[in-house]
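Take a moment to turn the structure around and find both ends of the chain. Then let us walk through it together, piece by piece.

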Amino acid sequence: MKRTMLSIIALLTVATAFAQNKQPDAEYNLIRRSYRTVGDSVTEIRFHKEIVLLRNRAITAYADKGETFITYNPDFETLTVNECYTVRPDGVRVNTPENAFVRQLPSECADCGRLNHITELAIVHTALEYNCTIVLDYTLRRRSPLLVERFNLSQDCPVKRYEIRYADGHTDVHNNIAQTVNDPYMPAAKAYDVEFQLGSKPVYTAETSLPEAANLLASLKANGSKEYVAAIRDWVVDYVTLNPIDPARVNYAMTPANEVFTSNCGTAIDKTGLLAAMLNQAGFRATIVDNSLNVFGDKPLEVEVTIEGLKYRLSATAKTPLLTENEKADAAAVAAAPIYIDRELEWKPDTIVENYVRITLPEEKGGLQFDPSRLNASRTSDLQARATTEFYHYTMDLPKGAKLIGGDVELEYNRNVGSISIIIKQKGKRLLVTRSLRLRKALITKADYSDFRQLMIDWYGHRQLFFSL
């Protein structure tokens, strides 16, 4: 039975090693975006992509490589496919047939009637096999003076070369961009976040009232002003379906709040306008703040509301604590403070096999969160972590006959990137655990990556304790 237990542990180790050495499903040889302005109100964006399929998962449609989906708005956008073909490994070029191009309604617009005119072109790529190359080139022509482009260069497979050709004639080139799937800890480097404006920038104004929401607001009313604001925000987040479509596809339009309220669906822009209107109807003073071209992120719009003389900023798509800017700074300082925890744990094991159990040490609030299996053996880019100092001391009463598999643990070392100390001892029917971690750097460079990776493997490798009974 002991051999069975050790086999389970060995299999977990092998699975971790496999995840660390996973090869990409595909690789982009080239992605190119080219921008051209035509007069004051027309922009042409030409996309060119060349992707090589390396594994079977990439060939199947569910992996999102066997198909391409392009969304556009026929009201003011025209889509033209310039080239679409597959190059087989032997060099033979196979053009994509006409019946492989299907126009349909995007799934995200199916439940929102006012967006049913938006179109999605689904392209089913053909002649797919190992080491084939898919080439797709298309142009999106926008008859609108508004365009704020916001995207990240990273893809779910590696990119050898990414070009951005701007309307003013200059070109940015980025080489060897790591894939996002196996690189979840990529630092928020501006080199991978792109945001710029062509033509005019949309302007958003909050509606001052929304009579249709009066009854709902009365039912949401809370004892305190902050609680009332939070209840309104939570209703918008929870009950108004978010349509994740690119704001450019609706020309950055903000739908009137009453339409969003009655239809219970809207884009992030629509939900922001609705939240502001509801807060104004409830008697607060709310305005819309546009963070685009200043802060790269998923929520460029916020609602600023005044509560008892203090200003707060809220997202209409996420529930975050209502904090002033000073309170946010204080919360960040608390999060960065050292963690010291000393407590008694209860014996609540998980059964592995007969007479063998596992105790998992708790993940304490505020502690560093990393998945060692996602840290590849080698890395070509820096890694984003955070500096931290953590100390945990646990004690636990063990049942009669329980024995720690593998015996006591004493692990301690110090590196340039940080230090670790783990002491696990069984003294009769008493278990003593002391764990301390100090990470000195928030940004892990390639020079420190090997030491950091080993630090994380050791730190998380001793959170599960196995016992025989």
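## The chain as a whole

Among contacts between residues at least 6 apart in sequence, 71% join residues at least 24 apart. Keep in mind that you are looking at a predicted model. The chain has 469 residues, and buried ones make up 44% of them. Its secondary structure comes to 8 helices and 28 strands.

## Two nonpolar cores

In soluble globular proteins, nonpolar side chains tend to be buried together. Here, the largest nonpolar core holds 74 residues, and Trp235, Leu274, Met278 and Leu279 have the most contacts inside it. Helix 6, which covers residues 268-281, gives the most to this core, with 7 residues. There is also a second, separate core of 36 residues, and among its members are Leu361, Tyr392, Leu455 and Tyr460.

What does Trp235 touch, leaving aside its neighbours within four places in sequence? Its contacts are Leu216, Leu220, Val240, Phe261, Asn264, Leu274 and Met278.

## Helix 4 and what covers it

Trp235 is one of the buried residues of helix 4. The others are Tyr228, Val229, Ala230, Ile232, Arg233, Val236 and Val237. Which elements cover these buried residues of helix 4? The cover includes helix 3 (214-220), helix 5 (257-263) and helix 6, along with strand 16 (301-307) and strand 17 (310-314).

You can also check the length of this helix yourself. Helix 4 runs over residues 225-239, which is 15 residues, and at 1.5 Å a residue it should span 21 Å. Its end C-alpha atoms are 21 Å apart, so the expected span and the model agree.

## A disulfide and two other cysteines

The count of disulfides comes to 1. This disulfide joins Cys112 to Cys265, with an S to S distance of 2.2 Å. The torsion about the S-S bond is about 70°, so the disulfide is right-handed. Cys112 sits in the loop between strand 6 (101-104) and strand 7 (119-124), while Cys265 belongs to strand 14 (residues 265-266), so the pair ties together parts that are 153 residues apart in sequence.

Are Cys112 and Cys265 buried or exposed? Both Cys112 and Cys265 are buried. Cys84 counts as buried too, because its relative accessibility is 9%, under the 20% cut-off. Cys157 is also buried, with a relative accessible area of 1%.

## Three strands joined by hairpins

Now look at strand 24 (residues 409-414) and strand 25 (residues 418-427), which pair in the antiparallel sense over 6 bridges. A hairpin through 3 residues joins strand 24 to strand 25. Strand 25 also runs antiparallel to strand 26, and 10 bridges join the two. The hairpin between strand 25 and strand 26 has 2 residues between the strands, and Gly428 in its turn has a positive phi of about 65°.

Ser419 is a handy place to see both pairings. Asn414 stands opposite Ser419 in strand 25, and in strand 26 the bridge partner of Ser419 is Arg438.

## Arg430 and Asp448

Arg430 is found in strand 26, which covers residues 430-439. With a relative accessible area of 28%, Arg430 is partly exposed. Not counting residues up to four places away in sequence, Arg430 touches Glu344, Thr395, Met396, Asp397, Leu398 and Lys425. The side chain of Arg430 makes a polar contact with the side chain of Glu344, at 2.9 Å. Met396 is 34 residues away from Arg430 in sequence, yet their C-alpha atoms are 5.9 Å apart in space.

Asp448 lies in helix 8 (residues 446-461). It is buried, with a relative accessible area of 8%. Leaving aside neighbours within four places in sequence, Asp448 is in contact with Asn416, Val417 and Lys441.

## Two asparagines with a positive phi

Asn131 has a positive phi of about 65°, although it is not a glycine. You will find Asn131 in the loop between strand 7 and strand 8 (133-143). Asn131 is partly exposed, with a relative accessible area of 46%.

Asn176 has a positive phi of about 55°, and it is not a glycine either. Asn176 lies in strand 11 (residues 171-177). Is Asn176 buried or exposed? Asn176 counts as exposed because its relative accessibility is 58%, over the 50% cut-off.

Terms used:
Residues numbered from 1 in each chain as written. Predicted model: local features only at pLDDT ≥ 70, side-chain atom pairs only at ≥ 80, totals over all residues. Heavy atoms only, no water. Helix = DSSP H or I, 4+ residues; strand = E, 2+ residues; numbered from the N terminus. Buried < 20%, exposed > 50% of the residue type's maximum accessible area, 1.4 Å probe, protein only. Contact = heavy atoms within 4.5 Å. Polar contact = N/O pair within 3.5 Å; in protein donor to acceptor, adjacent residues only side chain to side chain. Core = buried A, V, L, I, M, F, W, Y, C linked by side-chain atoms within 4.5 Å. Expected span 1.5 Å × (residues − 1). Pairing = 2+ DSSP bridges. Disulfide = S-S within 2.5 Å.
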